[in-house]
Amino acid sequence: MADTPHTGSADSPGSTDSPDGCDATGDPVPRLLCDARELAAVDPAPTGALWRLAESGRQLDANLVRLPPEGRIDTHVEPELDVILYVVSGDGVVDTARDRQPLTEGSVVWLPRGSRRSLTAGRDGLAYLTVHRRRPGLQIRNRAGS
């Protein structure tokens, strides 16, 4: 696993935005966060999370992940969130309850919530970006009837 993933922080060198991603008037500012191909091309290739979106106030989560050659994410189900997966480099397959779908550089895959899937990298590894709605933070609630 990568020791510490890069983040999409506004603290990047050369940034003139405030840490919350807004300009001096408080308006949100679009900006380049990273070069996913450059991060995925580092040699020797680190594995695990290479980058993650870390802006405060965001509505999305995003992660750039690298699997080693023949690496695998075991079968799992995401019960709450749809996920978009974009292949940045390498190749592999996504296995679903219905079939096996090849993944190549540039592939965009929709992983609907509730779907069963696994990922397997090819012989050169697989780097991919996932994007989904941000999970709400944990909330402390009173028990019903308390």
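This is a guided tour of a predicted model, stop by stop, with suggestions on what to select in your viewer.

**Before you start**

The model is predicted, so local features need pLDDT of at least 70 and side-chain atom pairs count only at pLDDT 80 or more, while totals for chains, interfaces and linings use all residues. Residues are numbered from 1 along each chain as its sequence is written, and side-chain values use heavy atoms, with hydrogens and water left out.

**Stop 1: the whole chain**

Show everything as a cartoon. You should find one helix and eight strands; helices (H or I, at least four residues) and strands (E, at least two) are DSSP runs, numbered from the N terminus. Following the sequence, the order is β-α-β-β-β-β-β-β-β.

Now switch on the surface. The accessible surface comes to about 9,800 Å², and 51% of it belongs to carbon and sulfur atoms. Accessible areas come from the Shrake-Rupley method with a 1.4 Å probe, and for residues only the protein chains shown count as cover. Of the 146 residues in the protein, 33% are buried. Here buried means under 20% relative accessible area, exposed means over 50%, and partly exposed lies in between (1.4 Å probe, protein chains only).

Contacts (heavy atoms within 4.5 Å) reach far along the chain: among those between residues at least 6 apart in sequence, 68% join residues at least 24 apart.

**Stop 2: strand S5 and its partners**

Select residues 83-96, which form strand S5. Two strands are said to pair if DSSP finds at least two bridges between them. Which strands pair with S5?

- S6 (residues 100-104) runs antiparallel to S5, with five bridges. The two form a hairpin with three residues between them, and Gly-92 stands opposite Leu-103 in S6.
- S7 pairs with S5 in the antiparallel sense over four bridges. Pick Tyr-86 and you will find its bridge partner, Val-108, in S7.
- S8 is joined to S5 by 11 bridges, again antiparallel. Here Asp-95 has Ser-118 in S8 as its bridge partner.

**Stop 3: a nonpolar patch on the surface**

Stay with Tyr-86 and add Ile-84, Val-108 and Trp-110. Together these four make a nonpolar surface patch of about 420 Å². Strands S5 and S7 (108-111) each give two or more residues to the patch. Patches are made of residues with over 30% relative accessible area and no salt bridge; like charges are joined within 9 Å, and nonpolar side chains (Val, Leu, Ile, Met, Phe, Trp, Tyr) within 5 Å. Tyr-86 itself is partly exposed, with a relative accessible area of 35%.

**Stop 4: the nonpolar cores**

Hide the surface and look inside. A nonpolar core is a set of buried Ala, Val, Leu, Ile, Met, Phe, Trp, Tyr and Cys residues joined through side-chain atoms within 4.5 Å. The largest has 13 residues, of which Leu-67, Leu-85, Leu-103, Leu-111, Leu-119, Leu-126 and Tyr-128 touch the most other members. Strands S3, S5, S7 and S8 each give two or more residues to this core.

Centre the view on Leu-119. Which residues does Leu-119 touch, not counting those up to four places away in sequence? They are Leu-67, Gly-71, Arg-72, Ile-73, Leu-85, Val-93, Val-94, Leu-103 and Tyr-128. Apart from the largest core lies another, of nine residues, among them Leu-39, Ala-40, Leu-53 and Ala-62.

**Stop 5: His-132**

Select His-132, in strand S8 (residues 116-133). Is His-132 buried or exposed? At 13% relative accessibility, His-132 counts as buried. Leaving aside neighbours within four places in sequence, the contacts of His-132 are Leu-60, Asp-61, Leu-81, Asp-82 and Val-83.

**Stop 6: salt bridges**

How many salt bridges does a search of the whole structure find? There are five, each being a side-chain nitrogen of Lys or Arg within 4 Å of a carboxyl oxygen of Asp or Glu. Three to visit:

- Arg-31 and Glu-55 meet at 2.9 Å, N to O. Arg-31 lies in the loop between S1 (6-7) and H1 (36-40) and Glu-55 in the loop between S2 (48-52) and S3 (60-67), so this pair ties together parts that are 24 residues apart in sequence. Arg-31 is partly exposed at 25%, while Glu-55 is buried at 10%.
- Arg-100 and Asp-95 have their closest N and O atoms 2.7 Å apart. Arg-100 is exposed at 55%, and Asp-95 is buried at 19%.
- Arg-72 and Asp-74 have their closest N and O atoms 3.3 Å apart. Arg-72 is partly exposed at 40%, and Asp-74 is exposed at 54%.
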